[in-house]
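Q: I should like to learn how to read the nonpolar and aromatic features of a model. May we work through one case together?

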Amino acid sequence: MESIVLGFLFCAFSTFRLAHMLCYEGGPCDCLEKLRTLPFLKDLFACFYCTSVWVAAPHSLLLVDADSPIKWLGHAFVISMALSTIAIFILEVKKRLQAV
């Protein structure tokens, strides 16, 4: 039980970190900034909420443990939405703490 919770928290914080990095940070030598200016990727990184959803999808695959394909897809979807929600929550807490 404890390893499941730790794995979920690890995936939630890494989802936040990757989505934040892709949306807001420049990266070394401004490579992420240049990536965001590419026409076919510009809209992909425009919204943190959207970016956190597609970043959470691969993380959810690390946490899924189901015996049938339908359960597996359902669990993967629910876990990715939960990871995205936590990433959005962390962003909102960060914004409020910076405003104080």
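Q: How is the exposure of Val5 to be read: buried, partly exposed or exposed?
A: This is a predicted model. The class follows from the relative accessible area, with partly exposed lying between the limits of 20% and 50%. Val5 has a value of 40%, and therefore counts as partly exposed. The residue belongs to helix H1, which covers residues 2-24.

Q: Which residues make a nonpolar surface patch with Val5?
A: A residue must have over 30% relative accessible area to enter a patch. Here Val5 is joined by Leu6, Leu9 and Phe13, and the patch amounts to about 360 Å².

Q: How many aromatic pairs are there, and how is the geometry of Phe16 and Phe48 classified?
A: Two rings pair if their centres lie within 6.5 Å, and an angle over 60 degrees between the planes makes the pair edge-to-face. The count is 3 aromatic pairs. For Phe16 and Phe48 the centres are 6.1 Å apart and the planes stand at 65 degrees, so this pair is edge-to-face. Phe16 lies in helix H1 and Phe48 in helix H3 (residues 48-63), so that the pair links distant parts of the chain, 32 residues apart.

Q: Are Phe16 and Phe48 buried or exposed?
A: Burial requires a relative accessible area under 20%. Phe16, at 12%, counts as buried, and Phe48 is buried at 3%.

Q: What type of aromatic pair do Tyr24 and Phe48 form?
A: Planes under 30 degrees apart count as stacked. Tyr24 and Phe48 have 15 degrees between their planes and 6.1 Å from centre to centre, and the pair is stacked. Since Tyr24 is in helix H1 and Phe48 in helix H3, the pair ties together parts 24 residues apart in sequence. Tyr24 itself is partly exposed, at 45% relative accessibility. Phe16, Tyr24 and Phe48 form one aromatic cluster.

Q: Which residues touch the most other members of the largest nonpolar core?
A: In soluble globular proteins, nonpolar side chains tend to be buried together. The largest nonpolar core in this model has 13 residues, and Phe16, Leu22 and Phe48 touch the most other members. H1, H3 and helix H4 (69-99) each give two or more residues to this core. Another core, of 7 residues, lies apart from it and includes Cys11, Val64, Ala76 and Ile79.

Q: Which residues does Leu22 touch, leaving aside those up to four places away in sequence?
A: With that exclusion, Leu22 touches Leu32, Arg36, Phe45, Thr51, Trp54 and Val55.

Notes:
Residues numbered from 1 in each chain as written. Predicted model: local features only at pLDDT ≥ 70, side-chain atom pairs only at ≥ 80, totals over all residues. Heavy atoms only, no water. Patch = residues over 30% accessible without salt bridge, like charges linked within 9 Å, V, L, I, M, F, W, Y side chains within 5 Å. Areas by Shrake-Rupley, 256 points an atom, 1.4 Å probe, with all protein chains shown as cover. Salt bridge = Lys/Arg side-chain N within 4 Å of Asp/Glu carboxyl O. Helix = DSSP H or I, 4+ residues; strand = E, 2+ residues; numbered from the N terminus. Buried < 20%, exposed > 50% of the residue type's maximum accessible area, 1.4 Å probe, protein only. Phe/Tyr/Trp six-rings, centres within 6.5 Å; stacked < 30°, edge-to-face > 60°. Core = buried A, V, L, I, M, F, W, Y, C linked by side-chain atoms within 4.5 Å. Contact = heavy atoms within 4.5 Å.
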